[in-house]
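Here is a short report on one protein chain. Keep the 3D view open as you read.

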Amino acid sequence: MFGTVVVGVGIAGLARIRDLMNPMPSSPSEHLKLFGFVSRRSFGNINEVKQISLEDALRSKEIHAAFVSTENKSHEETIRMFLEAGKHVLVEYPMALSAKAAHELCEMAEQKDKVLHVEHIELLTEEYKQLKKEVAGKDLVKGTLHFTGSVLDENKTGFPAFSGIARLTWLIDLFGDLTVTSATREKQKDKNYSRMTVHFQTANKKPLTWIEERGPGMRREKKINFCFTSGCLENFPQAPRSAVGLFMQDQNLFAKKLLGQVSKEELAAEKWRILRCLDLAEEIQQHCEQPEKICS
């Protein structure tokens, strides 16, 4: 059994507590035991799970793994603390808000022989799995992925290339390695509006565009337009509802890693994808900030 603690009790943290308290029968998650949660706010107990201090979580010999569900800006520091304390770590994406920090954390986990698992539930949705099947084996001509959503506090979530890394992960997973050809960002501060536009090339020199657009009242939505030699895909394929929740699927994957049930090849491929996306996110941020276009 692996003793666990949940750090941060926002939407994701509460979902983690729920799934740790109710593991799937006969799944790897049955090897996880929740000992408590850590929060800056005072709760006492949540669903009979006790609140413990960060110091106790780091010191406890009963706790072997931490589920980090804090704000993006504090991921790096929290991961570092738990790895230094000899704990395994599951963290919500993005792992860190700089590529350098992410590479350092991965090296640290390897040196300490600990699992550092980054949640990417966007790859686990039935919608995405169906999309990947549709795209498989087709020759891309050009494509666009356009995301819209409500306003984020970038002081907490980081630059849009990091907070929106789920979209970048989709593109890398679908089309392989990408090169940034240009990236710009428009901000209308008076309207609290932001639009980041990134142009990539695939290894076969085919153009891909990623647009991340946020503003007050904008509906959370993804639009695709992927054109192949065989035709264009403009709508997501119909997908059945999964019987297993996304956080539970992710938790099972983490538990499998703890139990040594994931191959070295799979782990290496996942590590490459995560770090490559963070490298690209940083490169995109650098492009956008030289100079940043601000509409007053």
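## Annotated regions and domains

For "domain: Biliverdin reductase catalytic", an unreviewed UniProt entry lists residues 128–240. Keep in mind that the model shown here is predicted. A second annotation from the unreviewed UniProt entry, "domain: Gfo/Idh/MocA-like oxidoreductase N-terminal", covers residues 3–120. The table sets out the two spans.

| Span | Helix | Strand | End C-alpha atoms |
|---|---|---|---|
| Residues 3–120 | 34% helix | 25% strand | 22 Å apart |
| Residues 128–240 | 24% helix | 44% strand | 11 Å apart |

The chain is also divided into domains. Domain 1 takes in 2–119 + 244–262, and domain 2 takes in 125–241 + 279–289. Each domain is thus written as two segments of the chain.

## Where the domains meet

How far apart are the centres of domain 1 and domain 2? Taken over C-alpha atoms, the centres are separated by 28 Å. The contact draws 13 residues from domain 1 and 12 residues from domain 2. Together, the two domains bury about 1,000 Å² between them. Of that area, 55% is on carbon and sulfur atoms.

Which residues of domain 1 lose the most area to domain 2? They are Tyr93, Leu97 and Ala99. Together they make up 41% of what the domain 1 side buries.

Tyr93 has another feature. A cis peptide bond joins Tyr93 to Pro94, with omega at about -10°. Pro94 sits in the loop between strand 6 (88–92) and helix 4.

## Two helices side by side

Follow the chain into helix 4. Helix 4 (residues 99–111) packs against helix 10 (residues 264–288). Their axes are 8 Å apart, and the packing angle is about 155°. Angles over 145 degrees count as roughly antiparallel. Helix 4 and helix 10 are therefore roughly antiparallel to each other.

Which residues make this contact? Helix 4 supplies Ala99, Lys100, Ala102, His103, Cys106 and Glu110. Helix 10 supplies Lys271, Leu275, Leu278, Asp279 and Glu282. By class, the contact has five nonpolar, one polar and five charged residues. Ala99 turns up twice in this report: it is in the helix contact, and it is among the residues of domain 1 that lose the most area to domain 2.

## A backbone detail

One more loop deserves a look. Asn47 lies between strand 3 (45–46) and strand 4 (49–50). What is the phi of Asn47? It is near 50°, a positive value in a residue other than glycine.

Key:
Residues numbered from 1 in each chain as written. Predicted model: local features only at pLDDT ≥ 70, side-chain atom pairs only at ≥ 80, totals over all residues. Heavy atoms only, no water. Axes fitted to C-alpha atoms, helices over the stretch in contact; angles between N-to-C directions. Helix = DSSP H or I, 4+ residues; strand = E, 2+ residues; numbered from the N terminus. Parallel < 35°, antiparallel > 145°, perpendicular 65-115°, else oblique. Contact = heavy atoms within 4.5 Å. Nonpolar A, V, L, I, M, F, W, Y, C, P; charged D, E, K, R; others polar. UniProt positions renumbered as here; feature names shortened; annotations may be inferred. Domains from an automatic or database assignment. Buried area = accessible area lost by both parts, 1.4 Å probe.
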